[in-house]
Amino acid sequence: MPAPEFTNDGIIIQTFQEVFDEIEESLRLIYGYDLALDQDTPDGQRIAIFAKIILDMQSFAVQLRNSYDPDLAEGVSLDSIIKLAGISRNPATRSQWNLEVTTDRPLTLDIDYKVRDELGQIWEIASLSPVDLPLGTTTVTFQAENFGQVTGEVGFAITQVTVVIGVVSIISTVLLGASSVGLDEETDEELRVRRNKSVRNPAFSTVGSLFARVGDLLGVSDLVVYENKESVFDPILSLNPHSIWLVVDGGVNSEITEILVKNKTAGTGLKGSVIETFTEDLLRPDGSIFKLVHEVRFDRPVITDLDVQVDLTKKQPLDIIDEALIKERISETKHIIGEFLESASLYEPAFTAGDNFLLSNMAIRVTGSGNPFVETGLDAGADVKFKIEVANIAITVLP
C-alpha cells in the first residue's frame, strides 16, 4: 500500500514489510535491479534500519491521533482528554482501620506514629494532628501506609514500629468494612467505561442520569438503580409503586444524598436502610432564608462470601502446580451487585495461573449456608455482591 492514509476510520499505516519493499523498489529503480539487497548485505541492513524508522514515525502518528479520542487514549493523554467530559481519574485511596490502643498513662501519639500487623503491613495515624490518649483503652483510627486495597483481620497481632513508652497493647477488634478498604487507582479501562456512562448525565431518563452521576463520584466502585414505574407493589424487588432503589458500593453518603435529591423527580419514593438528609437554603423575596429539608434513602450492597471447589488433574504426573496462584487468580475476579455468577466463569482466571493442568467440576455456594455446591451458578440477589476469599477455595488434585 502507499504512504499512510487518513480515512473516516482513522489513520491506516503500512506494515514493516510494505515500507521495506517500497524503499527497496525505489533503490532498484535508481541503481538497477541487479543491486544486492539481501538481508546479509550492508545495503539490505540499511533498508531495514530506514524501514524501522519510518514505521516508528507512522506508529507515532497513530498513537498521537488516538490520544485525542477518549476511547483510545491511554495514561496521561487519557487524563488530559477526559477533562473535557468534566471528570477525572479516581486516585488510589488508603484503607482506614480502628484499633484499640491501651496505655498505662496519659500520652500523645505523633502524626508519624506507625504500627505493623502480622502480615508486615504498616499503618500510621490517620489524624493530621497528634492524638492525645488518656489512661486506659482508646479507639484510634489508623490508615495504611500504602495506597490501594490493604486489608486487616480481627485478631491480627499488632506491634509498634514507632515505639512509645506507655503503650501496653494494640488490638484489632474490628474487621475492615467494605467502605474502609482503600481503592486502587482507576485503570484506563475503568475510566473509559465511566466516561461513557457520564455522557448520559443530561439524559431525559431519571434512572440513567442518576446512575451516571453517582457513578462519577469519587470512591464509587459499583452501583445499580432499580425502578418500579408501575402503580402496584413489585414483590420481586420488594419495591413500592413509583419508587427508586439505589444500591451503591463506595462513595460518601452526603455526596450520594445530594445527587439523589437533585435528580429524582418529585413524589418518587426511595428505598434503603441508609437514611440521610440534605438541606437546601432558599432565598425568600424579603431576603430571609427558607430551609427545605429532604430525606433520602439508599442501600449499601450486602457483601456475601462464596465457597469454591474445583478438581485439578495434572497433565504430567511430575508437574509442579502452583495451587496458591490458582486460588489467588480466582479470588481476584471482580463481581457486580445483583449478578448471576456462573460457576464456569471462574475457569478463565484460574487457567491464567498455568497451562500444565486441567480443571473440572467447578462449583460454588454461599459461605456458611450449608447448601450443596452448584456447578451452574448462583444469583446474587438485587442488593448482594459476591466476594471470593483465597481461604474459601478448595482444590482437589485428582490422581
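Is Asp249 buried or exposed, and what is its relative accessible area? Asp249 is buried, with a relative accessible area of 11%, where buried means under 20% relative accessible area, exposed means over 50% and partly exposed lies in between (1.4 Å probe, protein chains only).

The model is predicted, so that local features need pLDDT of at least 70 and side-chain atom pairs count only at pLDDT 80 or more, while totals for chains, interfaces and linings use all residues. Residues are numbered from 1 along each chain as its sequence is written, and side-chain values use heavy atoms, with hydrogens and water left out.

**Sheets and their edges**

Helices (H or I, at least four residues) and strands (E, at least two) are DSSP runs numbered from the N terminus, and two strands are taken to pair if DSSP finds at least two bridges between them. Strands of a sheet pair through backbone hydrogen bonds, either parallel or antiparallel.

One open sheet is formed by six strands in the order β9-β5-β6-β8-β3-β10, with antiparallel pairing. Its edges are held by β9 (159–160) and β10 (167–171), and because each has a single partner strand, one side of each is left without a neighbour in the sheet. At the β9 edge, strand β5 (residues 114–116) pairs with β9 in the antiparallel sense over two bridges, and Val115 stands opposite Gln160 in β9.

A further open sheet has three strands in the order β11-β12-β13, and here the pairing is mixed. The edge strands are β11 (222–228) and β13 (269–271), each with a single partner strand, so one side of each lacks a neighbour in the sheet. Neighbouring strands of this sheet are turned by 20 degrees against each other on average, direction ignored; axes are lines fitted to C-alpha atoms, for helices over the stretch in contact, and angles run from 0 to 180 degrees between N-to-C directions. Strand β12 (residues 243–249) and β13 pair in the parallel sense over three bridges, and the bridge partner of Trp245 in β13 is Lys271. Helix α5 (residues 206–215) packs on the sheet and touches β11 and β12, its direction making about 160 degrees with that of β11; contact here means heavy atoms within 4.5 Å.

**Pairings of strand β16**

Strand β16 (residues 302–314) pairs with strand β20 (residues 384–387) in the parallel sense over four bridges, and within this pairing Val302 stands opposite Val384. With strand β18 (residues 357–366), β16 pairs in the antiparallel sense over eight bridges, and Leu306 has Val366 in β18 as its bridge partner. Five bridges join β16 to strand β21 (residues 393–397), and these two strands run parallel; Leu312 stands opposite Val397 in β21.

**Salt bridges**

Side chains of opposite charge can pair when their charged atoms come close. A salt bridge is counted where a side-chain nitrogen of Lys or Arg lies within 4 Å of a carboxyl oxygen of Asp or Glu, and by this rule the count comes to 16 salt bridges. Among them are the pairs tabulated here.

| Salt bridge | N to O distance |
|---|---|
| Asp249 and Lys385 | 3.0 Å |
| Lys291 and Asp281 | 2.9 Å |
| Lys387 and Asp305 | 3.7 Å |

The pair of Asp249 and Lys385 joins distant parts of the chain, with Asp249 in strand β12 and Lys385 in strand β20, 136 residues apart. Asp249, as said at the outset, is buried at 11%, and Lys385 is buried too, with a relative accessible area of 12%.

Lys291 lies in strand β15 (residues 289–298) and Asp281 in strand β14 (residues 274–283), 10 residues apart, and Lys291 counts as exposed at 53% relative accessibility. Lys387 in strand β20 and Asp305 in strand β16 are 82 residues apart; Lys387 is partly exposed, with a relative accessible area of 33%, and Asp305 likewise counts as partly exposed, at 28% relative accessibility. In addition, Asp79, Arg89 and Asp188 are linked in a network of salt bridges.

**A nonpolar surface patch**

Leu29, Ile30, Tyr31 and Tyr33 form a nonpolar patch on the surface, with about 530 Å² of accessible area together. Patches are made of residues with over 30% relative accessible area and no salt bridge, like charges being joined within 9 Å and nonpolar side chains (Val, Leu, Ile, Met, Phe, Trp, Tyr) within 5 Å; accessible areas come from the Shrake-Rupley method with a 1.4 Å probe, and for residues only the protein chains shown count as cover. Ile30 is found in helix α1 (residues 16–31) and is exposed, with a relative accessible area of 60%.
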